[in-house]
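Please look over the structure shown here together with its sequence. The briefing that follows goes through its strands, turns, charged pairs and surface by topic.

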Amino acid sequence: CKRKRNFIYIILLILFVGVFAVSTAMHFMDNEVAAAPSQGTLNIEDSKTHEVRNVHYEASGKCYKVVDGDTIWVEGIGKIRFVQVNTPERGEPGYHEAKDYVKEKCLGKTVYLDIDDKKHYDKYNRTLAIVYTENLDINRELLNENLAEIMYIPPSEFAKGTV
């Protein structure tokens, strides 16, 4: 009787470990699919000129945190630093306005990233990208709204004159 009970415990343990392993594997597979960059194109309108242009993006994901006016967190990708622009730092005039603008446009929404091909990351390991929503170039709009200044981080595929 004791051997049967031990045998049943071993079978239950094996079943438990198997279910746990399958569940964990499926969780990681789901995360890999969600994190996989999706590529595509968008039609973006400039709010000042009303010019519509077709832009390519290399990755997309939901913005779940806004750090400041030029840095956000995106699911499946990580910390993103907007290229070509620099917004005021905490404690500087305009900081809250720039951060609030990016919150309004990006937080909780899918953003599309054109990642800099010449320099993917800055010295803080943030992905360098132009950030788009479904119809706006957020980097350019920060400049249009006078919430940012132009700033280049060389080398960059986004050469001077593209903003």
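Along E1, which side chains point to one face and are buried, and which point to the other and are not? Gly40, Leu42 and Ile44 are the buried set on one face, whereas Thr41, Asn43 and Glu45 point to the other face and are not buried. This fits a general pattern, since in a regular strand the side chains alternate between the two faces of the sheet. The model is a predicted one, and the values below are computed from it.

**The E1–E2 hairpin**

- E1 (40–45) and E2 (52–57) are the strands on either side of the loop that holds His50, and the two strands run antiparallel, joined by six bridges.
- Asn43, one of the E1 residues that point to the face that is not buried, has Asn54 in E2 as its bridge partner.
- Six residues separate E1 from E2 in this hairpin, and His50 in the turn has a positive phi of about 60 degrees.
- His50 is not a glycine, and its relative accessible area of 53% is over the 50% cut-off, so it counts as exposed.

**A second residue with positive phi**

- Asn125, which is likewise not a glycine, has a positive phi of about 65 degrees and lies in the loop between strand E7 (110–115) and strand E8 (127–132).
- Asn125 counts as exposed because its relative accessibility is 56%.
- As background to both loop residues, most residues other than glycine have a negative phi.

**The barrel**

- Five strands close into a barrel, in the order E3-E4-E5-E8-E7, and the pairing among them is mixed.
- On average, and with direction ignored, neighbouring strands of this sheet are turned by 55 degrees against each other.
- Strand E3 (residues 59–68) pairs with E7 in the antiparallel sense over four bridges, and Ser60 stands opposite Tyr112 of E7.
- E3 also pairs with strand E4 (residues 71–74), again antiparallel and over four bridges, and a hairpin of two residues joins E3 to E4.
- Two of the facing positions in this pairing are Cys63, whose bridge partner in E4 is Val74, and Asp68, which stands opposite Thr71 in E4.
- In general, strands of a sheet pair through backbone hydrogen bonds, either parallel or antiparallel.

**Salt bridges**

- The count of salt bridges comes to five, among them one between the side chains of Arg140 and Asp46, at 3.3 Å from N to O.
- That pair links distant parts of the chain, with Arg140 in helix H3 (residues 138–144) and Asp46 in the loop between E1 and E2, 94 residues apart.
- Both partners count as buried because their relative accessible areas, 13% for Arg140 and 7% for Asp46, are under the 20% cut-off.
- Another of the salt bridges joins Arg81 and Asp70, whose closest N and O atoms are 3.7 Å apart.
- This pair too links distant parts of the chain, since Arg81 lies in strand E5 (residues 78–82) and Asp70 in the loop between E3 and E4, eleven residues apart.
- Arg81 counts as buried at 4% relative accessibility, and Asp70 is buried with a relative accessible area of 2%.
- Asp122 forms a salt bridge with Arg126, with the closest N and O atoms 2.6 Å apart, and both of these residues are buried.

**Aromatic pairs**

- The count of aromatic pairs comes to two, and one of them is formed by Tyr64 and Trp73, with 6.3 Å from centre to centre and 40 degrees between the planes.
- The Tyr64 and Trp73 pair is classed as tilted, because its angle is neither under 30 degrees nor over 60.
- Tyr64 counts as partly exposed at 45% relative accessibility, and Trp73 counts as partly exposed at 26%.

**Nonpolar surface patch**

- Phe7, Ile8, Tyr9, Ile10, Ile11, Leu12, Ile14 and Leu15 form a nonpolar patch on the surface, and together they have about 830 Å² of accessible area.
- Leu15, one of the patch residues, lies in helix H1 (residues 2–35) and counts as exposed because its relative accessibility is 53%.

Note on methods:
Residues are numbered from 1 along each chain as its sequence is written. This is a predicted model: local features need pLDDT of at least 70, side-chain atom pairs count only at pLDDT 80 or more; totals for chains, interfaces and linings use all residues. Side-chain values use heavy atoms; hydrogens and water are left out. Rings of Phe, Tyr and Trp (its six-membered ring) pair if their centres lie within 6.5 Å; planes under 30 degrees apart count as stacked, over 60 as edge-to-face and the rest as tilted. Buried means under 20% relative accessible area, exposed over 50%, partly exposed in between (1.4 Å probe, protein chains only). Two strands pair if DSSP finds at least two bridges between them. Patches are made of residues with over 30% relative accessible area and no salt bridge: like charges are joined within 9 Å, nonpolar side chains (Val, Leu, Ile, Met, Phe, Trp, Tyr) within 5 Å. Accessible areas come from the Shrake-Rupley method with a 1.4 Å probe; for residues, only the protein chains shown count as cover. A salt bridge is a side-chain nitrogen of Lys or Arg within 4 Å of a carboxyl oxygen of Asp or Glu. Axes are lines fitted to C-alpha atoms, for helices over the stretch in contact, and angles run from 0 to 180 degrees between N-to-C directions.
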